[in-house]
Amino acid sequence: YEVDPAVMNHRTLKFLLQPLVENAVFHGFEGIDYKGSLIISIYEESDVLIMKVSDNGRGFPEGGQAKVEQGGPQDTFNSIGLNNIRNRISLHFGPEYGLWIKRGEHGGTVAWLRVPIITEETG
């Protein structure tokens, strides 16, 4: 975990990270012959909350990244869970927020959520 202490009292929708962690564990680490690593990072950036799930797993299959970026169906990722996250964020917060997924710089996958900052005072 890499969680900025400044975000510890922020609030957000339930179960946003769980499908991303599941995908990393069940799909990203499947069939690898090395130790899998998973990092969950949460921090503020430009007045929004960023939640990032990064792994060193097998990454996307050929052409898979384009399908994920477009929100299309996937064989190797939990498309129902990803679409659920995208829809919930869009319905609650609008189109400027959402879920993005890309290949990691050194392999694996990086998924990140961009949502508004909600505190006890604003929530």
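The expected span of a helix is 1.5 Å times one less than its number of residues. This value serves as the reference for helix H3 in one of the legends below, all of which describe a predicted model.

**Figure 1. Overall architecture of the predicted protein chain.** The model is a prediction, and its secondary structure amounts to three helices and five strands. Along the sequence these elements occur in the pattern β-α-β-β-α-α-β-β. The protein chain has 123 residues, of which 42% are classed as buried. Among the contacts with a separation of 6 or more, 60% join residues that lie 24 or more positions apart. The exposed surface of the protein chain is about 7,600 Å², with 51% of it contributed by carbon and sulfur atoms.

**Figure 2. The five-stranded sheet.** The strands form an open sheet with mixed pairing, in the order S1-S2-S3-S5-S4. Strand S1 (2–3) and S4 are the edge strands, each pairing on one side only. Strand S3 (residues 48–55) is joined to S5 in the antiparallel sense through eight bridges. Within that pairing, Val48 has Pro116 of S5 as its bridge partner. Strand S4 (residues 98–103) is likewise antiparallel to S5, over six bridges, and here Trp100 is the bridge partner of Trp112 in S5.

**Figure 3. Strand S5 and its hairpin with S4.** Six of the eight residues of S5 (residues 109–116) are buried, so the strand is largely enclosed by the rest of the structure. Five residues lie between the strands in the hairpin of S4 and S5, where Gly107 adopts a positive phi near 95°.

**Figure 4. The buried face of helix H1.** In helix H1 (residues 18–28), the buried residues are Pro19, Leu20, Asn23, Ala24 and Gly28. Viewed down the axis of H1, these residues fall within an arc of 140°, so they line one face of the helix. An α-helix has 3.6 residues a turn, so residues three or four places apart point the same way. The packing partners of the buried residues of H1 are strand S2 (38–45), S3, helix H3 (79–93), S4 and S5.

**Figure 5. Helix H3 and the glycine that follows.** With 15 residues, H3 spans 21 Å from its first C-alpha to its last, close to the expected 21 Å at 1.5 Å a residue. Its buried residues are Ser79, Gly81, Leu82, Ile85, Arg86, Ile89 and Phe93. Gly94, located just after H3, has a positive phi of about 105°.

**Figure 6. The largest nonpolar core.** This core comprises 24 residues, and those with the most contacts inside it are Leu16, Leu17, Leu20, Met51, Ile89, Leu99 and Leu113. At least two core residues come from each of S2, S3, H3, S4 and S5. The greatest contribution is that of S3, which supplies five residues. In soluble globular proteins, nonpolar side chains tend to be buried together. Apart from neighbours within four places in sequence, Leu16 contacts Met51, Ile85, Arg88, Ile89, Leu113 and Val115.

**Figure 7. The environment of Leu49.** Leu49 belongs to strand S3 and is buried, its relative accessible area being 4%. Although Leu49 and Pro116 are 67 residues apart along the chain, their C-alpha atoms are separated by 5.8 Å. Excluding residues up to four places away in sequence, Leu49 touches Val7, His10, Ile42, Tyr43, Leu113, Arg114, Val115, Pro116 and Ile117.

**Figure 8. The environment of Ser54.** Ser54 is also located in strand S3. Its relative accessibility is 17%, and Ser54 therefore counts as buried, the cut-off being under 20%. With residues up to four places away in sequence set aside, Ser54 touches Ser37, Leu38, Ile39, Thr109 and Val110.

How values were computed:
Residues are numbered from 1 along each chain as its sequence is written. This is a predicted model: local features need pLDDT of at least 70, side-chain atom pairs count only at pLDDT 80 or more; totals for chains, interfaces and linings use all residues. Side-chain values use heavy atoms; hydrogens and water are left out. Helices (H or I, at least four residues) and strands (E, at least two) are DSSP runs, numbered from the N terminus. Buried means under 20% relative accessible area, exposed over 50%, partly exposed in between (1.4 Å probe, protein chains only). Contact means heavy atoms within 4.5 Å. Accessible areas come from the Shrake-Rupley method with a 1.4 Å probe; for residues, only the protein chains shown count as cover. Two strands pair if DSSP finds at least two bridges between them. The arc is that of the directions from the helix axis to the C-beta atoms. A nonpolar core is a set of buried Ala, Val, Leu, Ile, Met, Phe, Trp, Tyr and Cys residues joined through side-chain atoms within 4.5 Å.
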